[in-house]
2 protein chains.
Amino acid sequence: MERFDLLIKEALLPGRGIVDIGIKEGKIHKIAPKIEAQAKETVFVKGKILMPSFANMHTHVPMSLLRGIGADLPLMEWLQKVIWPLEGEFVSPEFVRAGTLLGVAEMIKSGTTLFMDMYFFEEEVGEVCKNAGIRAGLGFGILDFPTKVAKTPEEYLKRAKEFALNLKGEELIFPVLCPHAPYTCSPDTLKKAKELSEELDLFLHIHVAETKGEVEKIKEEYGQTPVLHLENIGFLSEKVLCAHMVWLSEEEMDIVKDRKVKVAHCPESNLKLASGIAPVPEYLRRGIHVCLGTDGSASNDNLDMLEETATMAKLHKGNNLDAKAIDAPTALKVATEKGFSAVGIKAGKVEEGYEADLLLIDTDKPHLQPLYDPVAQVVYCAKSSDIDTVICRGKVLMEKGELKTIDEEEVLHEAKKWGEKIRAFLDRQQTLG
Amino acid sequence: MERFDLLIKEALLPGRGIVDIGIKEGKIHKIAPKIEAQAKETVFVKGKILMPSFANMHTHVPMSLLRGIGADLPLMEWLQKVIWPLEGEFVSPEFVRAGTLLGVAEMIKSGTTLFMDMYFFEEEVGEVCKNAGIRAGLGFGILDFPTKVAKTPEEYLKRAKEFALNLKGEELIFPVLCPHAPYTCSPDTLKKAKELSEELDLFLHIHVAETKGEVEKIKEEYGQTPVLHLENIGFLSEKVLCAHMVWLSEEEMDIVKDRKVKVAHCPESNLKLASGIAPVPEYLRRGIHVCLGTDGSASNDNLDMLEETATMAKLHKGNNLDAKAIDAPTALKVATEKGFSAVGIKAGKVEEGYEADLLLIDTDKPHLQPLYDPVAQVVYCAKSSDIDTVICRGKVLMEKGELKTIDEEEVLHEAKKWGEKIRAFLDRQQTLG
């Protein structure tokens, strides 16, 4: 008799009907209408919808502790008046650890098993991820101005290199280089980051063309729009993940396609910070590799990839007056497979040989019945609270809504304590102001 | 000692802090930091956020049974090829009853206590609402073409009149006249509906300017854009609720403002059916009365007003490149107070003297901590599954997520049975096609 590490019984796999899934060594090993086998762990799911888990391709997870501060402000005002002063006051290894725990708890509960993070003290983020059993591509934000992490671009790059070397051989987490953006990094810093990424064979993760203001600023400073500027200094390649990419010229789209650059679309952050609406249907038509991200919780204000998927699917139909602009299957693919594959992970499909990064959706709810088209139902009707079980690399991280690797009560307790400290600071500022 | 029907203890009221609320005869009678009183029913809520419940100002609730069919189609194709044939086959009093029960269960669970419905067999909708304890403004869709309900406009109007007279004196439900749209009703039908509304002192509820195609069609047929056409035939007044209103000229906006017409904005339906994005920030600037609706579950695909509120708040910022286009407090007001007041109900504010239509949000979740700004947190972070308690006119309809007036299991059972019948029909059609 066959032996599996994990056996999922009676899942509803869209397009295939009710199936059993045998998982071995972190991979989907067998899918069949009925599998009789031995397994270390068996979960009976009685017709819940089975689908790939989400890949959140752009976020700043520790910022979960700043959730909802400065709502209804545009990007630069929000960054300069609210976020950067708060970060100056509070960011520390302890802040990063507590914020990451909170964010990872939220992500697992909403079905994410991979996230691409850019922040400070990413060693702490890594520790949390290893304990939680979630995948992550992690990088220190590299900037031209000093923060608590480093004073000069050289020092940032040195830290980033040390961090990358320390993460070698990890199973779930991998280092990434994160020069923050063309408007916060000089061409020299960007070039050095690029060189380091080649030396260590790492992905680069950067913010690009997020706002019209950024495009104007880069044009003024370098005589070129952001993507052209990056192309001119030799920064772009298939190992570059560009977040946002709201404002691109036709010529820039051609370059992105030719260089096989990966685009992390963040529709809710771009809406909320009034950055704009990225022309994603056009990117897809051109064959550009688009994946999806939530951005940090302070600008979205959540890490909910199912909500982000629904927003993407609806937004572009209305914005383009085209009901087929992004259909439900395409939206799910962008939010899952296209994310994993952007960083070379074979996951995001429920097929034999793929990594077992999966989730199950409980449809026994008034807003999910009747159920005609499981894919459309997930995209247009389901909420992340309908996600019942989450599996990362064959390991169950949540079952029946209960986190298996994180003490949720403890996480909430810590988050509230940080909330009190930060609220007291905000109150003091207001009194002074 | 004071006596209340319902006493809510220790709720977090945004702007006021922790308060107790005493409710008597369906109204908010007293709000104070601490109320010592006798009450028939007391609920202890330990710091949950208290806010007004939602008013869903445009929907077709029985369509919940058609949820998710024909996803990713534009409005006219979706109506003509998918929805109308299905309705021709299935719509009956039994269908309407089962669909309404399903939709009302979903609405109560997601915090709605008033909805404006337009469909067939609305007597059945009314019966369900009375039993469930939810408010509703109900009307038969009036059309120029025959359906199971009537053959001619005269017959529709006769049925609508009978229905209205039968509902006289009801506490929670009230009749409304619903000529479907300027493109499905002749000027004569619209005028007769208007006359009947004056005779019986009823609100009119109609679809207007939903798509560019509709505007073109009305222009061709009547030489005017839809709102001007309605103005020309004397249809508009402060007792007219126009759903959608996506495509209005400046002149039409002036008319809407002058006539005090109510606009039911349906952002998610307009996005999903690729109808467009209504210029709602401009309406608000002009002082037009805007409220919010989900449209039917077959076009959204849910009845979730909290999601709709979040979508509205984010969408218009991004679409207008203005982070203050609709801020969180405005979004909540549009989704609550502006809905109730559009049909003359004094609810949607947590203030003494207002109707006790309320909900409570449980913030003890990773995606809702830390909590700095309760209003922003509700709009940008909360999901309808965080709604713990829902009260309509002082009566608790849901407590700790459990429906008090509806048997949820029975509703799901019925919905699944209908789903099987409809699926079998769709399969047959496909085989034939």
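Q: Which residue of chain A comes closest to the rotation axis?
A: This is a predicted model, in which local features need pLDDT of at least 70 and side-chain atom pairs count only at pLDDT 80 or more, while totals for chains, interfaces and linings use all residues; side-chain values use heavy atoms, without hydrogens and water. Residues are numbered from 1 along each chain as its sequence is written, and chains are lettered from A and ligands numbered from 1 in the order in which they are written. At 3.3 Å from the axis, counted at the C-alpha, the closest residue of chain A is A:S385.

Q: As by what kind of axis are the two copies related?
A: The copies are superposed by least squares on the C-alpha atoms of residues with pLDDT of at least 70 in both. A turn of 180° with a shift of 0.0 Å along the axis lays chain A on chain B with an RMSD of 0.0 Å. The relation is thus as by a two-fold rotation axis.

Q: Which strands stand at the edges of the sheet in chain A?
A: Strands are DSSP runs of E with at least two residues, and helices are runs of H or I with at least four, both numbered from the N terminus. Two strands pair if DSSP finds at least two bridges between them, and here four strands form an open parallel sheet in the order β11-β12-β13-β14. Each edge strand has a single partner, so one side of it lacks a neighbour in the sheet; these strands are β11 (204–208) and β14 (289–292).

Q: Which residue stands opposite A:L241?
A: Strand β12 (residues 240–244) and strand β13 (residues 262–265) of chain A pair in the parallel sense over three bridges. In β13(A), the residue opposite A:L241 is A:K262.

Q: Is B:T311 buried or exposed?
A: B:T311 is found in helix α11 (residues 305–320) of chain B. Leaving aside neighbours within four places in sequence, B:T311 is in contact (heavy atoms within 4.5 Å) with B:P267, B:E268 and B:L271. Buried means under 20% relative accessible area, exposed over 50% and partly exposed in between, with a 1.4 Å probe and protein chains only. With a relative accessible area of 16%, B:T311 is buried.

Q: Which residue caps the N-terminal end of α11(B)?
A: Of the 16 residues of α11(B), 13 are buried. At the N-terminal end, a side-chain oxygen lies 3.1 Å from the backbone nitrogen of B:L306, and the capping residue that supplies this oxygen is B:D304.

Notes:
Polar contact = N/O pair within 3.5 Å; in protein donor to acceptor, adjacent residues only side chain to side chain.
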